[in-house]
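Thanks for making the time this morning. I would like to walk through one structure with you, taking a few charged pairs and then a single helix, so please have a look at it first.

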Amino acid sequence: MLKNILLTFSKIPSLFRNESGAIAAPKSGDNYDQYALLDLIEFFGKNIKDVREAWNNENYRNYKNIYIYDSSKVFNEFKNSINELFSEAGLLYELNDEKIIERLVDDDVLTPEIETSFESLTDKKLHDLLESAIDFYRTPNNSARQESLEKLWGGHWRDSKHTMNH
């Protein structure tokens, strides 16, 4: 189990590490990826499981059986705790039910109406492009938001060409 946890951290290579290679808290002036911790939270959210231990036999208690469930109870507790921490710290992020951290924006230009308006598109590539752009727009990472704007612009041009041809 510990080996799996250690392998987990190697999947997020941009977590800050000290001189000996151990994961550590960065100090003032250290160069680090500030979004790596959000990646780690998402990873835990996607892999968290409900676990129950029980003795093989209540009389003899030779060993314990470990049962792992794919229920949403422990994820919901994790999500609520993470979102509470974000809120208390004044961070405009939220771990959603899809186990992705989204950036919260006041007076967001992407209203629910806009987000669902392309659902009826018959052009699958355009639909996928716009859906991907919205996902990138919601990410905490600034460079991903830039990519989302480029995708939205590309979708706009694709749609305007499609409209002109029909």
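Let me begin with D128, which forms a salt bridge with K124, the closest N and O atoms being 3.0 Å apart. Please keep in mind as I go on that this is a predicted model. Both D128 and K124 lie in helix α5, and they are four residues apart, about one turn of the helix. As for how open they are, D128 is partly exposed, with a relative accessible area of 32%, while K124 counts as exposed at 58% relative accessibility.

Staying with that helix for a moment, α5 runs over residues 124-138, which makes 15 residues, and from its first C-alpha to its last it reaches 21 Å, close to the 21 Å expected at 1.5 Å a residue. Which residues of α5 are buried? They are L126, H127, L130, A133, I134, Y137 and R138. These buried residues cover an arc of only 130° around the axis, and therefore they sit on the same side of α5. On the face turned away from that buried side, α5 carries the exposed residues K124, K125 and D135, so that K124, the partner of D128 in the salt bridge I started with, belongs to this outward group. One more detail concerns the start of α5, where a side-chain oxygen of D123 reaches to within 3.1 Å of the backbone nitrogen of K125.

Now to the other charged pairs. How many salt bridges does a search of the whole structure find? It finds four, and I will describe two more of them here.

One of them joins K79 and D97, with the closest N and O atoms 2.5 Å apart. This pair links distant parts of the chain, since K79 is in helix α3, residues 73-88, whereas D97 is in the loop between β3 (93-95) and β4 (101-103), and the two are 18 residues apart. Are these partners buried or exposed? K79 counts as buried, because its relative accessibility is 13% and the cut-off for buried is under 20%, while D97 is exposed, with a relative accessible area of 52%.

Another salt bridge is formed by E58 with R61, and here the closest N and O atoms are 2.9 Å apart. In this pair E58 counts as exposed, at 53% relative accessibility, and R61 counts as partly exposed, at 41%.

That is where I will stop, and I am glad to take questions.

Terms used
Residues are numbered from 1 along each chain as its sequence is written. This is a predicted model: local features need pLDDT of at least 70, side-chain atom pairs count only at pLDDT 80 or more; totals for chains, interfaces and linings use all residues. Side-chain values use heavy atoms; hydrogens and water are left out. The expected span of a helix is 1.5 Å times one less than its number of residues. Buried means under 20% relative accessible area, exposed over 50%, partly exposed in between (1.4 Å probe, protein chains only). The arc is that of the directions from the helix axis to the C-beta atoms. A polar contact is a pair of N or O atoms within 3.5 Å; within protein, one must be able to donate a hydrogen and the other to accept it, and residues adjacent in sequence count only if both atoms are side-chain atoms. A salt bridge is a side-chain nitrogen of Lys or Arg within 4 Å of a carboxyl oxygen of Asp or Glu.
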